[in-house]
Amino acid sequence: MLKTIPELLNEARTNVRCISANVAANELKENHGLLIDVREPSEHIAKKAVGAINIPRGLLEMKLMEIEKNPSKAIYLHCATSARAILSAEQLARIGYQKVSVITCNMDTIQQYCQ
């Protein structure tokens with residue numbers, strides 16, 4: 001039986017750390033983690049958070065392994081609704097990244113705090 005997207009997200013969310021943009025901004029200042037936008041490049045260009053690296057969800061696992069080889073580096077993922085970021089975080093955990101968080105706020109709030 002096929003699962004719906006909401007069912008997939010609910011399952012993935014149980015294994016993923018979800019935080020607000022305010023918490024992410026404070027942690028990024030302290031730990032100098034990576035802020036990654038998993039949206040498509042056109043979305044990132046139209047509205048982006050300062051300092052965010054754009055790696056679309058479909059390329060994330062391959063590209064991130066080139067950029068960050070330390071599995072304990074703090075990584076903060078965001079997208080427009082947190083759906084792609086949640087699914088991305090689950091995949092990063094599968095390949096061994098240990099400190100992956102999802103920013104669950106909308107883009108306006110992410111832009112406001114992550115500057």
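Author: Before the questions begin, one word needs to be settled: contact means heavy atoms within 4.5 Å, and the structure to which the word is applied here is a predicted model.

Reader: Against which helix and strands do the buried residues of α2 pack?
Author: Helix α2 covers residues 21–31, and its buried residues are Ala-21, Ala-24, Ala-25, Glu-27 and Leu-28. If we follow the contacts of these buried residues, we arrive at four strands and one helix, namely β1 (17–19), β2, β4, β5 and α6 (107–113).

Reader: How do the axes of α1 and α5 cross, and what are the two helices therefore called in relation to each other?
Author: The axis of α1 (residues 5–13) comes within 9 Å of the axis of α5 (residues 83–95), and the two cross at roughly 50°. Angles under 35 degrees would count as roughly parallel, whereas those from 65 to 115 would count as roughly perpendicular. The crossing of α1 and α5 belongs to neither group, and the helices are therefore oblique.

Reader: Which residues make the contact between α1 and α5, and how many of them are nonpolar?
Author: From α1 come Leu-9, Ala-12 and Arg-13, while α5 brings Ala-83, Ile-86, Leu-87 and Glu-90. When these residues of the contact are sorted by kind, 2 are charged, no polar ones appear, and the number of nonpolar ones is 5.

Reader: Which element gives the most residues to the largest nonpolar core?
Author: This core has 20 residues, and among those with the most contacts inside it are Leu-60, Leu-77 and Leu-92. At least two residues are supplied by each of α1, β2 (34–37), α4 (60–67), β4 (74–78), α5 and β5 (99–103). Of these, the one that gives the most, with 5 residues, is α5.

Reader: How many residues does the second core have?
Author: This core is separate from the one just described, and it includes Ala-21, Ala-25, Ile-103 and Met-107. Two of these, Ala-21 and Ala-25, are also listed among the buried residues of helix α2. The number of residues in the second core is 15.

Reader: Does Ser-82 count as buried or exposed, and which residues distant in sequence is it in contact with?
Author: Ser-82 lies in the loop between β4 and α5. The cut-off for buried is under 20% relative accessible area, so Ser-82, at 5%, counts as buried. Leaving aside neighbours within four places in sequence, the residues in contact with Ser-82 are Arg-13, Val-102, Ile-103 and Thr-104.

Note on methods:
Residues numbered from 1 in each chain as written. Predicted model: local features only at pLDDT ≥ 70, side-chain atom pairs only at ≥ 80, totals over all residues. Heavy atoms only, no water. Axes fitted to C-alpha atoms, helices over the stretch in contact; angles between N-to-C directions. Parallel < 35°, antiparallel > 145°, perpendicular 65-115°, else oblique. Nonpolar A, V, L, I, M, F, W, Y, C, P; charged D, E, K, R; others polar. Core = buried A, V, L, I, M, F, W, Y, C linked by side-chain atoms within 4.5 Å. Buried < 20%, exposed > 50% of the residue type's maximum accessible area, 1.4 Å probe, protein only.
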